Amino acid sequence: MHADAVRNDAVRNDAVRNDAVRNAPAFSVSRLTFRYERKVAVSCDSLEIHRGETVAFTGSNGSGKTTMLKLLNGLLGPYDGRIDFLGLPLARNPLLRDRSVFVHQHPVLFSGTVKDNFEYALRLKRVRGAEAAKRIAMTVERFSIGPLLEREAGRLSGGETQRVAVARAVAAGADVILLDEPTSSMDSASGSAIRAFLLELRRSGTTLVFSTHDASLVLDLAGRSVRFESGRVVDEPSTGGTL
Amino acid sequence: MNALGNAFSLLAGGERETWWTIATSLRFSLWSTVFAVIPGVPLGAALFLGRFKGKRVAVAMVNAIMAVPTVVVGLFVYSFISRSGPLGSLNMLYAPAGVIAGQALLAFPLVTAMSYTGLQKLDPRYNETLLTLGARPWRRMIAIIREGRFVIVQAVLAGFGRVTGEVGVSMMLGGNIRWYTRTMTTTIALDAGKGEFERALSLGIVLLGVALSINFLSHLAVRDAR
Amino acid sequence: MHLTTKRTFVRTAALAALLVLGAVQAFAMGGKETSASDVPATNRPMPANPRVRLATTTSTENSGLLAYLLPFFTEDTGYTVDVVAVGTGAAMKLGENADADVLLVHARALEDAYMKAGHGGERRDVMYNDFIVVGPKADPAGLKGSPNSTTAFSRIAAARASFVSRGDKSGTNVKELDIWKAAGIVPDGTWYKEAGQGMEQCIIMADGMQAYTLTDRATWVAVKDKTSLAISYEGDAGLFNPYGVITVNPAKNTAINAFGGKAFLEWITSERGQKLIESFKLGGQTMFFPNYKH
């Protein structure tokens, strides 16, 4: 279970990892403190997010939701305390980039078509050719985004961009998806499309963690909500997972 | 005014040596820009992406080197490519290769610094998206250069502008040899000193045109980046 | 600006740059089409290393002598000469560093020292002309009628008339300093201006400042129409200006084009080279008088 042992023995490494993955929660945070420009931006004594769970981060602007999401995805550091992802420390975690993706509030796509974006994300996972085509076709089918496939990524609307960004993460194989304000500043049609997306992901057992101001999204989607107050995390009891 | 008229007629008349000098200048500048860009742009991108100790020192060093006068760069390269220097056997001094080497060394820190500062204007979400999708450093660098191509174009143009307009390196390493290493700027330096203003002026007009074109292209790049 | 246009912009820019590079490469490689070297010379073998680097004083270049002579040399031998025109002192420094193959210079004492130090291969006399003092037409220091060059210089110093010195260890500069020394004067003060430039530039500067300067006659004749200056003093035997050709000692460095340097030395002192030097005229005057003794 310790990082040193993982580094020292490749065989045991796999055994340890598999064991960890099987039993461990998606995220396990303890005594975390992250400072930005010497001020405490996020502090959290304890937080566990189980695999397959859908968790909403709520709280006012600047309360640390986005920072926490980025910390969980290893995009920010260094920090004090400990974050485990699937039972292994986040730093040098071999599973992090394969299994987890963070999606921005206003995501960016790369130059080229939507299809180019999917192919690029798959290429980063060393998936090419027929296998890549199959994965893209499956993703397109699953989220009904066929009409977008050949469009220039830079010319999509905000809602379309959001959907493509999530689909890109899924196509790349992520089953732990972190989303920052997935339905903010979006018309109701796009909002409900994203909502349908997330429901579909939840049904298939994907771990979803998202920040939001949207109370109805929390009610519809989240099994649990975690409230943030000026950087402090208050782990709230389950809301019961109403559908 | 008469001199200006003569300058234009020198150009319009297609006087061979004048046009040869222009072509040679552009040839040196283009090649040296190529040799400056090949290491400069990736290095600028690496500085932008990298999170390592001493990064600030590295950036400060690049900026400092950028401010070194052309004649100092010329002197430095001279000491290397002189036949009595360590690279003497390559016979680059007073030859096009010497000028190109010196100019490339001149443009390299500028291209690096401009790439670095230019990429900082790029949306930080690109880098985060690449990270979260699991792009390894090398791939991230390529993708960042691709997404930031408009600022990269500006950096390249700035490098080209600097070497086209410089005289110290061309004079010191090229020797201003007729039909061989004579460039627009060395001709101007030479002809103006001799009181022959027509050719100097006509080349000055061309240099002005080059500078204006660079500014225009740079402006296009900024506009298109939005 | 949508993405299709973005792509087009960068690609077009790259393509345009490539095209320009190709064009200038082709044009610059084409070089001079009409030079004598393009005249087919039937019976000459092409030299192994056809580029010879000649480091020389500015006077031979500025007067137009080399532009006149070198096409014939190329035609006769197949060598192309890269002329690096600096002062005599700098030219010898280039030779010392092996950065030149052959020198054409004019400072006899320095030349002898250079040979003695082992930097040279062979030295020969080539030609001579003379130095003159040029200055404002009104001749404010009254140089006209000076009995000799030292007196002429003394009058400049006494009048504190502006004087432009090359200040670059060139042959002319060396000669100038010799004359000041002979006159017992240490040139100093605001009237004495060390330019650090070539001969032609110094004459133009002297014109701008209405100052005196010492020059070789060939450069003066080539430049005089661009100035309002006139000859203030000439004719002293002490103003004799001999030129020598020196091959750089090939033992210094393997990169030296020893054959090329030797070919230049042989050619410029050959009967044909010497005749051509004599036939080079500016304003109907011979500028350099050949004096190699066979």
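**Exercise 1. Describe the overall make-up of chain C in this predicted model.**

Solution. Start with the contacts in chain C that have a separation of 6 or more: 74% of them are between residues 24 or more positions apart. Next, count the secondary structure: chain C has eleven helices and twelve strands. Then take the extent. The C-alpha trace of chain C spans about 75 × 60 × 40 Å along its principal axes. Of its 294 residues, 50% count as buried. The accessible surface of chain C is about 12600 Å², and carbon and sulfur atoms hold 57% of that area. Last come the charges: chain C carries 30 positive and 29 negative ones, and their mean positions lie 4 Å apart.

**Exercise 2. Work through chain B in the same order of steps.**

Solution. For chain B, residues 24 or more positions apart make up 74% of the contacts with a separation of 6 or more. The secondary structure of chain B consists of eleven helices and zero strands. Read from the N terminus, its elements therefore run α-α-α-α-α-α-α-α-α-α-α. The C-alpha trace of chain B spans about 65 × 45 × 25 Å along its principal axes. Among the 226 residues of chain B, 56% count as buried. Chain B exposes about 9700 Å², and 70% of this comes from carbon and sulfur atoms. There are 21 positive and 10 negative charges in chain B, with mean positions 12 Å apart.

**Exercise 3. Which residues of chain B make a nonpolar surface patch of about 450 Å², and why can B:Phe76 be counted in a patch?**

Solution. The patch is made by B:Phe76, B:Phe80, B:Leu87, B:Leu90 and B:Leu105. To place B:Phe76, look at helix α4 of chain B, which covers residues 70–81. Now check its exposure: B:Phe76 has a relative accessible area of 48% and is partly exposed. A patch residue needs over 30% relative accessible area, so B:Phe76 passes that cut-off.

**Exercise 4. Find the buried residues of helix α5 of chain A and state what covers them.**

Solution. Helix α5 of chain A holds residues 114–124. Its buried residues are A:Val114, A:Asn117, A:Phe118, A:Tyr120, A:Ala121, A:Leu122 and A:Leu124. To read such a list, recall the geometry of the helix. With 3.6 residues a turn in an α-helix, residues three or four places apart point the same way. The cover comes from two chains: it includes α6 (129–143) and α7 (158–171) of chain A, along with α6 (124–132) and α7 (137–147) of chain B.

**Exercise 5. Continue past helix α5 of chain A and describe A:Arg126: where does it lie, and is it buried or exposed?**

Solution. A:Arg126 lies in the loop between α5 and α6 of chain A. Just after α5, this residue takes a positive phi of about 60°. Its relative accessibility is 61%, and A:Arg126 therefore counts as exposed. A:Arg126 also belongs to a patch of positive charge on the surface, together with A:Arg123, A:Arg128, B:Arg136, B:Arg146 and C:Arg11.

**Exercise 6. Compare two residues that have a positive phi without being glycine, A:Leu86 and C:Arg160.**

Solution. Take the angles to begin with: phi is near 55° for A:Leu86 and about 50° for C:Arg160. Then place each residue. A:Leu86 sits in the loop between β4 and β5 (88–89) of chain A, while C:Arg160 is in the loop between α6 (149–159) and β5 (163–165) of chain C. Finally, look at accessibility: A:Leu86 is buried at 0%, whereas C:Arg160 is exposed at 51%.

**Exercise 7. Which peptide bond ending at A:Pro78 is cis, and where is this proline?**

Solution. The bond is the one from A:Gly77 to A:Pro78, with omega near -5°. A:Pro78 lies in the loop between α3 (65–72) and β4 (80–85) of chain A.

**Exercise 8. Describe the surroundings of A:Leu217.**

Solution. A:Leu217 is part of helix α9 of chain A, residues 215–221. Its relative accessible area is 0%, so A:Leu217 is buried. Setting aside neighbours within four places in sequence, its contacts are A:Pro182, A:Thr183, A:Arg195, A:Phe210, A:Thr212 and A:Ala222. For one of these, A:Pro182, the separation from A:Leu217 is 35 residues in sequence and 9.7 Å in space, C-alpha to C-alpha.

Technical notes
Residues are numbered from 1 along each chain as its sequence is written. Chains are lettered from A and ligands numbered from 1 in the order in which they are written. This is a predicted model: local features need pLDDT of at least 70, side-chain atom pairs count only at pLDDT 80 or more; totals for chains, interfaces and linings use all residues. Side-chain values use heavy atoms; hydrogens and water are left out. Patches are made of residues with over 30% relative accessible area and no salt bridge: like charges are joined within 9 Å, nonpolar side chains (Val, Leu, Ile, Met, Phe, Trp, Tyr) within 5 Å. Accessible areas come from the Shrake-Rupley method with a 1.4 Å probe; for residues, only the protein chains shown count as cover. A salt bridge is a side-chain nitrogen of Lys or Arg within 4 Å of a carboxyl oxygen of Asp or Glu. Helices (H or I, at least four residues) and strands (E, at least two) are DSSP runs, numbered from the N terminus. Buried means under 20% relative accessible area, exposed over 50%, partly exposed in between (1.4 Å probe, protein chains only). Contact means heavy atoms within 4.5 Å. Lys and Arg count as positive and Asp and Glu as negative; His and the chain ends are not counted. The place of a charge is taken as NZ of Lys, CZ of Arg, CG of Asp or CD of Glu.
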